[in-house]
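Reader: I'd like to go through a structure and ask how its labels are earned. Could you show me one and talk me through it?

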Amino acid sequence: MKKLFKPAFAALLLSAGMAWAAPDSITVGMVLEPPNLDPTSGAAAAIDEVVYANVFEGLTRFGPDGAVLPGLAEAWEVSPDGKIWTFFLRSGVTYHDGSAFDAYDVEFSLNRARAADSANAQKPLFAGIELVEVFEPGVVVVSLNAPDGAFAWKMAWGDAVIVAPETAASLATNPVGTGPFVFSEWVQGDHVTLTANENYWGGKPALAKATFRFISDPTAAFAAMMAGDVDAFPNFPAPETLPQLAADPRFKVIIGSTEGETILAMNNKQSPLDNVLVREAVAHAINRQDIIDGAMFGYGTPIGTHFAPHNPDYVDLTALSAYDPERSKALLTEAGVTGLKLRLALPPPTYARRGGEIIAAQLRAVGIETEITNMEWAQWLEQVFRGRDFDLTIVSHTEPMDVDIYARPDYYFQYARPEFVELMDQLKGTSDVAARSDLLAQAQEMIAKDYVNGYLFQLAKTGVANAKIEGLWENSPTQANDLTAVHWVD
Amino acid sequence: MKPGLAIGGVLAGVALIAALVSLVWTPYDVTVLTIAEKLQTPSPAHWLGTDHFGRDIAAMLMVGARTSLAVALVAVGIGMGLGVPLGLLAAARPGWADELTMRGNDLIFAFPSLVIAILITAVFGPSAINAIIAIGIFNIPVFARVTRGGAMSLWTLDYIRAAQVAGKGRARISAEHILPNIANLLIVQGTIQFSLGILAEAGLSYVGLGAQPPLPSWGRMLADAQTMVTLAPHVAIFPGLAIVATVLGLNLLGDGLRDALDPRLRRAR
């Protein structure tokens, strides 16, 4: 009896002990695998979703609410004319390979990003920089060619993180940054593992290990969540299963906002979509609520222009393109267009594939036939985004404050009306809050009244996590899964 | 009549009738989405409920049956139209013609059919037409082989010799004497290939390479229903049942027809 009792008691103790100690590792599910791990040269959102704020840091950074917070720069000063920005850097910061971080790394990183041969995906962020100077190891002075009130915000992007010259060339496969997590391994097609950085300047994170697993199939994502293979799925791909997960006490569902303006993009240079009447007809044919309910199961906020509704400068212009099939038909007649047949390219996400079927049915109701082509991302980027060979497509623009893409003449939907470009130039030189707000309102109105694209809805952040995990971001002010504050509770 | 033949006939017949009726009438228009009525369970208004876009599942299945049957039928037609003459040629001209056609068949047989079908639709773009071509190509060697086997055994028979002595050419003998005598074999094989064609079409649509929206197809209905199985099981169950019932029906029908038509089996009894 005694013999039997001992191991049983030991087992009891052991299991109790395990229950007390909160786990120190996390597995995070992601839909897309990053093509590489260098945020300073790749455009894919998945890169930032792994490395932003975890492996790499910039001079400034985005907080969970989108506010610009100090990063590697403790503080900064702006000259009265708004053109000279002085950044005071943190001391005692080291890279994961042990080398020290200093002002020359900042100079190198910014010059690398704005160089003519730079592979940076967001070069406009650096376009205003005229000169980067280092006067002492802890101070960097950036001179701009024009006043820019948003420069600190620009430096918070994942594309503006600071890297060391020695490791810059190999970041795609071996990211070395200054962040709270160190890159450990990448098994292609399966996962990326990060481990805690013992020497992090901001204190060691609560998690010892974090694994990002890539699961593109919504059904598999649901199964992985239910089986406990994944602890958190910040952008869960199957919105229809959320009520079921919410009802399960093991999980919590986190609904927040993202910067993802989901639009029905139209090729503004392609006949007959170069006619504003036809674009307006398409816009009025769309019933946004049906798309939100049918494709996203109710998660999403209708938008009437390319701007995030949670932004204080947002103007509600949904009435301009209200659902009105009769008006749509009248506009088509006015434009003299009959028997219109358009191509509709759909990338893989649920919002596009399901939303596309709904939009096709809505367009058919006003007499516009569509030919749907489902595409993988690589093909979409090649043909639609770079090749500009499309009529209609559905995509979510997840970059924050990206209304300026309408000023780029070579951007895939090809708008760039001179008056709009003018507005954006004015905005760049304005730092007064009220004046900026007014300019942004004008910009929103101009693209809404020109019906550049069909504005559908703001993508909701539909995340699922184990109920015992705290510290995940509720909203997505940028493409990131910041794990610094994530921890398990009992 | 064997019960298998009757059951098979009824199951396949239901699919066929549903497909034919859908040409003139469906309970609802499958191209109209009524989001407000999504994922309803079966009711008097919607016998089999509605899918995630509020479309009537019964109507979707009827039009889907049309897609499935049409794709499988044309694919079997391609297989028969090209495979049977090749098989007859191979049997009539032993030697290089036989070798050439049969080795060509082996070549097609050597590839996993569904993978090649995926390749074809991936290269030429997903559509019902390309699915037909992809499935049809893999029916050619099946029919060529069955035809050759049946024809070879006939070529040794006395009445064929008699026809040869009477001066009929090989092509005429193949058409006038061989083909009618292997027709029962071909009908049985055709039924089986037909059921495989329906499965292949469902498989291709499931991975998004078959019929494209808004044309409903059983395979895509299943794929769309995947994540909703726990939420509304009926959206997955009914298309699944339709595929199972039709394929089972055609297989039973094929087996029953073989029992009734195949002279070799009749002799053994």
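Reader: What makes β9(A) and β10(A) count as paired strands?
Author: Remember first that this is a predicted model. Two strands pair if DSSP finds at least two bridges between them. Here 5 bridges join β9(A) to β10(A), residues 209-214 of chain A, and the two run antiparallel, so they count as paired. One of these bridges links Val192(A) with Phe212(A) in β10(A).

Reader: And how do you know that β8(A) pairs with β9(A)?
Author: Use that cut-off of at least two bridges again. β8 (residues 181-187) and β9 (residues 191-196) of chain A share 6 bridges in the antiparallel sense, so they pair as well. Glu185(A), for example, has Thr193(A) in β9(A) as its bridge partner. In this hairpin there are 3 residues between the strands, and Gly189(A) takes a positive phi near 85°.

Reader: Why are β4 and β6 of chain A called edge strands?
Author: Look at the sheet they belong to: 4 strands in the order β4-β5-β7-β6 (chain A), an open sheet with antiparallel pairing. β4 (73-78) and β6 (129-136) each pair on one side only, and that makes them the edges. Neighbouring strands in this sheet are turned by 20° against each other on average, if you ignore direction.

Reader: Which strand does β6(A) pair with, and over how many bridges?
Author: With β7 (residues 139-144) of chain A, over 6 antiparallel bridges. Val132(A) stands opposite Val142(A) in β7(A). Helix α3 (residues 103-114) of chain A packs on this sheet and touches β5 (84-89), β6 and β7. The direction of α3 makes about 170° with that of β6(A).

Reader: OK, over to chain B. What makes its makeup all helix and no strand?
Author: Just the tally: chain B comes to 11 helices and 0 strands. From the N terminus on, its elements read α-α-α-α-α-α-α-α-α-α-α. The C-alpha trace of chain B spans about 75 × 45 × 30 Å along its principal axes, and 46% of its 269 residues count as buried. To earn that word, a residue needs 20 or more other C-beta atoms within 10 Å of its own.

Reader: How do you describe the way α4(B) and α5(B) pack?
Author: Two packed helices are described by the angle between their axes and the distance between the axes. For α4 (residues 113-124) and α5 (residues 128-137) of chain B, that gives about 145° and 9 Å. Their crossing is right-handed.

Reader: What makes up their contact by class?
Author: It has 8 nonpolar, 2 polar and no charged residues. Among them are Ile116(B), Ile120(B) and Phe124(B) from α4(B), and Asn130(B), Ile133(B) and Ile135(B) from α5(B).

Reader: Where does chain A divide into domains?
Author: The domain assignment gives domain 1 as 26-249 + 467-490 and domain 2 as 258-460. Their C-alpha centres lie 29 Å apart. The contact takes 16 residues from domain 1 and 13 residues from domain 2. On the domain 1 side, those residues divide into 7 nonpolar, 7 polar and 2 charged.

Reader: Last one: how many residues does each chain bring to the contact between A and B?
Author: Chain B brings 16 residues and chain A brings 17 residues. The chain B side divides into 8 nonpolar, 7 polar and 1 charged.

How values were computed
Residues are numbered from 1 along each chain as its sequence is written. Chains are lettered from A and ligands numbered from 1 in the order in which they are written. This is a predicted model: local features need pLDDT of at least 70, side-chain atom pairs count only at pLDDT 80 or more; totals for chains, interfaces and linings use all residues. Two residues are in contact if their C-beta atoms, placed from the backbone, lie within 7 Å. Ala, Val, Leu, Ile, Met, Phe, Trp, Tyr, Cys and Pro count as nonpolar, Asp, Glu, Lys and Arg as charged, and the others, Gly among them, as polar. A residue is buried if 20 or more other C-beta atoms lie within 10 Å of its own, exposed if 12 or fewer, and partly exposed in between; C-beta atoms are placed from the backbone. Domain bounds come from an automatic or database domain assignment. Axes are lines fitted to C-alpha atoms, for helices over the stretch in contact, and angles run from 0 to 180 degrees between N-to-C directions. A crossing is left-handed if the near helix is turned anticlockwise from the far one by less than a right angle, and right-handed if clockwise.
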